[in-house]
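I opened the notebook to record what I looked up in this structure, entry by entry. The pockets come at the start, and single residues follow.

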Amino acid sequence: MNDRTVAGSPHWRLIGGALMLVSVLSYQPGTTGVLPQLLLPLAMAVGTALIVRNLLAILITAALLAFIQTRWGQLFSIGDSGSDWIATTAYPLLAIGCTLWAAYILRARFRGYMQATAEARNARREQAQRPDDD
């Protein structure tokens with residue numbers, strides 16, 4: 001059994017849907033703390049990734065949302081007593097991490113596309129150079 005059959009299993013989509021449902025029902029906007037501000041949105045992202053099975057779309061969305069939620073005036077101010085460490089530290093790190101991961105995936109896809117294009121070009125060139133056997 002290869003990874004494709006495991007990832008293509010409807011069980012992963014059901015697990016993702018259940019995780020999404022629990023996360024959405026547990027979410028209470030306006031509350032503070034690690035669970036509602038960081039862990040529940042991350043659980044929603046994981047549930048969505050399991051449902052949609054498109055990691056790149058989830059990474060771009062997570063990076064954008066983390067970028068929007070970042071408090072840029074208090075960036076990385078960990079020692080301040082009035083600062084919220086999730087909005088000043090966790091969200092920027094999440095945005096940077098998701099952006100780097102998405103860039104890695106896009107770079108790998110681009111390299112694969114370029115390699116496939118070069119192989120196809122070489123195959124056409126070799127085909128044109130072969131004498132016909134007729």
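**Pocket linings**

I began with the lining of the second largest pocket and sorted its residues by class, which gave eleven nonpolar, no polar and no charged. The model is a predicted one, and I read every entry below with that in mind. For the volume of this second largest pocket I noted about 170 Å³. I then wrote down the names in its lining: Leu42, Ala45, Val46, Ala49, Leu55, Ile58, Leu59, Ala62, Leu94, Cys98 and Trp101. When I asked which helices supply this lining, I found that H3, H4 and H5 each contribute at least two residues.

I turned next to the largest pocket, for which the computed space is about 550 Å³. It is lined by 25 residues, and those closest to its centre are Gln37, Pro41, Leu65, Gln69 and Tyr91. The elements giving two or more residues to this lining are helix H3 (34-52), helix H4 (55-69) and helix H5 (85-129). Helix H3 gives the most to the lining of the largest pocket, with eight residues. Sorting the lining of the largest pocket by class, I counted 16 nonpolar, seven polar and two charged residues.

**The chain as a whole**

I checked the secondary structure of the protein chain and found five helices and zero strands, which along the sequence reads as α-α-α-α-α. Of its 134 residues, 23% count as buried. The chain exposes about 9,900 Å², and carbon and sulfur atoms supply 64% of that area. I also looked at contacts in the chain with a separation of 6 or more, and residues 24 or more positions apart account for 58% of them.

**Trp101**

Having met Trp101 in the lining of the second largest pocket, I looked it up separately and placed it in helix H5. Its relative accessibility is 45%, so I entered Trp101 as partly exposed, since that value falls between the 20% and 50% cut-offs. Leaving aside residues up to four places away in sequence, Trp101 touches Leu55 and Leu59, and both of these also appear in the lining of the second largest pocket. I added one backbone distance: the C-alpha atoms of Trp101 and Leu56, which are 45 residues apart along the chain, are separated by 8.5 Å.

**Asp84**

Is Asp84 buried or exposed? I found a relative accessible area of 18%, and Asp84 is therefore buried, because the cut-off is under 20%. Asp84 is found in the loop between H4 and H5. Beyond residues up to four places away in sequence, Asp84 touches Gln37 and Arg71, and I recalled that Gln37 is among the residues closest to the centre of the largest pocket.

**Arg53**

I looked at Arg53 for its backbone, which has a positive phi of about 60 degrees although the residue is not a glycine. I made a note of this because most residues other than glycine have a negative phi. Arg53 sits in the loop between H3 and H4, and with a relative accessible area of 41% Arg53 is partly exposed.

**Leu14**

My last entry concerns Leu14, which lies in helix H2 (residues 10-26). Leu14 counts as exposed because its relative accessibility is 62%, and the cut-off for that class is over 50%. I also looked up its distance to Gly47: the two are 33 residues apart in sequence and, C-alpha to C-alpha, 9.2 Å apart in space.

Methods: Residues numbered from 1 in each chain as written. Predicted model: local features only at pLDDT ≥ 70, side-chain atom pairs only at ≥ 80, totals over all residues. Heavy atoms only, no water. Helix = DSSP H or I, 4+ residues; strand = E, 2+ residues; numbered from the N terminus. Buried < 20%, exposed > 50% of the residue type's maximum accessible area, 1.4 Å probe, protein only. Contact = heavy atoms within 4.5 Å. Areas by Shrake-Rupley, 256 points an atom, 1.4 Å probe, with all protein chains shown as cover. 1 Å grid on protein atoms, 1.4 Å probe; cavity = no way out; pocket = protein on both sides within 12 Å on 5 of 7 lines; lining within 4 Å. Points joined across faces, edges and corners; volume = space filled by probe spheres on them. Nonpolar A, V, L, I, M, F, W, Y, C, P; charged D, E, K, R; others polar.
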